[in-house]
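Here is a set of exercises to work through with the structure open beside you. Try each task yourself before you read its solution.

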Amino acid sequence: MTLEGWVPELSESLTLAEVIDLAFDYRGNTTVVKVDGTEAKGYIFNRSSDAPEPFIQMFDVAGNGPIKILYSEIRNIKFTGRDMAAGNSWQAWLERKEREKAEKAARLGTGPA
Amino acid sequence: MAVPLSQMWTVATYVLKQRLRGLKRYPLVLMLEPLFRCNLTCAGCGKIQYPAQILKKHLTLEQCLKAVDECGAPVVSIPGGEPLMYPSIGELVDALVQRRKYVYLCTNAILLKEKLEQGVFSPSKYLSFSIHMDGLREEHDEAVCRDGVYDKAVEGIKAALTRGFRVTTNTTLFDGANPLRMREFFDEMMKLGVEGMMLSPGYSYSKAPDQEHFLRRSKTHELFSRMLSNPREHWKFNQSPLFLQFLMGQRDYECTPWGNPTFNMFGWQRPCYLLQEGYAESFRDLMENTRWEQYGRKSGNEKCQDCMVHCGYEATAVDDTFSNWKGFKDTVVATLTGKL
């Protein structure tokens, strides 16, 4: 399951701190929507929730950074970038290999009739 | 056992110095990740799952050396990503050798022959290429999700040995590994002429796409017992024999997550090489402000319950060697007899 494309709806049962934790675990770019209406796109690589002023750190989509944003400046985080941990599994690789073997066998006429 | 005497002596005197200083926590091996970019996309790897702008980035040489000096560990392991893709790899290794750090350059060896032919490296007792080999041809190519990589790695090993470099192998074992095939693999590596082999069970990175093939603790004991019982005389392992005994279930250790601190473009990784719970700005911050009591088996942290990986437990084994006579005696006996 991936969070790719998810736009969280913050509520009592889904807090900003929880969304930040999910964004920190997410292996893709996100869009940080700030309380002043501006947005910052990039990869969130760190969050410190127990600092005197909790913050996140990110590299923007051009790789510039680290950019520090305080929790208090964040309204929401959208999971806009591709989830780089999704897909490309070992299972998928094994299936592809089996498929290639079958195709090769079919080309050589040695496959099952 | 295959760790050279000079390296053993360096590590031994370093550990004893830390103990005499009364330090409870000290680093043994710095895991320096100059980049995450890799020329393979192995399903078991949690290190390469990043957006493009992160994969394109790398540490500067200055950042690497600052981390090395800050940490002070006698051994520096350079994993990644694929470190041979790091543009300053030659300069980095030269600078580490000048600092008399024992360097393990962990590579899949796809680019090794080419880099050696370009003269990027010079042989040194401080430098060892640690070649990623997860088994014989079939098993290795399956583990790295690409055919032909085993042959390429063997080519790299031969090229390095011919030029007088130290070469070791590092092998990660997953569920389903065949102990008999692994014994054949050990024979094959020794036949190639590598100095020694390093083994570790894999760890289930939460972000690794393949979650089904990681070893649980009891299975780890069973696999390593079957693989390493009655070791053949010519097998050499480039790691603590007490750690191997731990993997075989003969010893019970607690994790030493600070033993192999990790530095990369995000900073000092908390708490260890495998878990990414945040980053510290300095090595001191990492050591002093990480809640170490929340990690390791005794902590009850579920992420740590099945972990038996070298980066958490080999430092414990080395510490055991130098913290009591029994540990020292057991290490000496295993080293001299080759028996585990």
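## Helices that meet

**Exercise 1.** Find the residues through which α12(B) and α13(B) meet, then work out how the two helices are oriented.

*Solution.* Start with the contact: Asp320(B), Thr321(B), Phe322(B) and Ser323(B) of α12(B) meet Gly327(B), Phe328(B) and Thr331(B) of α13(B). Sorted by class, this contact has two nonpolar, four polar and one charged residues. Keep in mind that this is a predicted model.

Next comes the geometry. Two packed helices are described by the angle between their axes and the distance between the axes. For helix α12 (residues 310-323) and helix α13 (residues 325-337) of chain B, the angle is about 110° and the axes are 5 Å apart. Angles of 65 to 115 degrees count as roughly perpendicular, so α12(B) is roughly perpendicular to α13(B).

**Exercise 2.** Describe how helix α8 (residues 179-192) of chain B crosses helix α9 (residues 217-228) of chain B.

*Solution.* First read off the numbers: the axes come within 9 Å and cross at roughly 50°. That angle makes α8(B) oblique to α9(B). The crossing of these two helices is right-handed.

Now look at the side of α8(B) that makes the contact, where you find Pro179(B), Met182(B) and Arg183(B). From α9(B) come Leu223(B), Arg226(B) and Met227(B). The residues of this contact divide into four nonpolar, no polar and two charged.

**Exercise 3.** Are α3(B) and α4(B) roughly parallel or roughly perpendicular to each other?

*Solution.* The packing angle between α3(B) and helix α4 (residues 89-98) of chain B is about 25°, and their axes are 10 Å apart. Angles under 35 degrees count as roughly parallel, and therefore α3(B) and α4(B) are roughly parallel to each other. α3(B) passes α4(B) in a right-handed crossing.

To see what lies between them, pick out Leu61(B), Cys64(B), Leu65(B) and Val68(B) in α3(B), which meet Glu91(B), Leu92(B), Ala95(B) and Leu96(B) in α4(B). By class, the residues of this contact are seven nonpolar, no polar and one charged.

**Exercise 4.** Check whether the length of helix α1 (residues 5-20) of chain B agrees with its number of residues.

*Solution.* The helix has 16 residues, and at 1.5 Å a residue it should span 22 Å. The expected span uses one less than the number of residues. The end C-alpha atoms of α1(B) are 22 Å apart, which agrees. Just after this helix, look for Gly22(B), whose phi is positive, near 75°.

## Sheets

**Exercise 5.** Which strands stand at the edges of the sheet in chain B?

*Solution.* Write down the order of the nine strands in this open, mixed sheet: β6-β5-β4-β3-β2-β1-β7-β8-β9. The edges are β6 (196-201) and β9 (276-280) of chain B; each has a single partner strand, so one side of each is left without a neighbour in the sheet. Neighbouring strands are turned by 30° against each other on average, direction ignored.

Then zoom in on one pair. Strands β7 (residues 262-264) and β8 (residues 267-271) of chain B run antiparallel and are joined by two bridges. Across this pair, Phe263(B) stands opposite Trp268(B). Finally, place a helix: α3 (residues 61-71) of chain B lies across β1 (29-32), β2 (75-78) and β7, at about 160° to β1(B).

**Exercise 6.** Trace the sheet of chain A and the hairpin in it.

*Solution.* Here five strands form an open antiparallel sheet in the order β4-β3-β2-β1-β5 (chain A). β4 and β5 (74-78) of chain A are at the edges with a single partner strand each, so one side of each has no neighbour in the sheet. The twist averages 45° from one strand to the next.

For the hairpin, follow β3(A) into β4(A): six residues lie between them, and Gly63(A) in the turn has a positive phi of about 90°. Four bridges join these antiparallel strands, and Met58(A) stands opposite Ile67(A).

## Backbone details

**Exercise 7.** Where are the cis peptide bonds from Gly80(B) to Gly81(B) and from Arg270(B) to Pro271(B)?

*Solution.* For the bond from Gly80(B) to Gly81(B), omega is near 15°, and Gly81(B) lies in the loop between β2 and α4 of chain B. For the bond from Arg270(B) to Pro271(B), omega is near -10°, and Pro271(B) is found in strand β8 of chain B.

Note on methods. Residues numbered from 1 in each chain as written. Chains lettered and ligands numbered in written order. Predicted model: local features only at pLDDT ≥ 70, side-chain atom pairs only at ≥ 80, totals over all residues. Axes fitted to C-alpha atoms, helices over the stretch in contact; angles between N-to-C directions. Parallel < 35°, antiparallel > 145°, perpendicular 65-115°, else oblique. Contact = placed C-beta atoms within 7 Å. Nonpolar A, V, L, I, M, F, W, Y, C, P; charged D, E, K, R; others polar. Pairing = 2+ DSSP bridges. Left-handed = near helix turned anticlockwise from the far one by under 90°.
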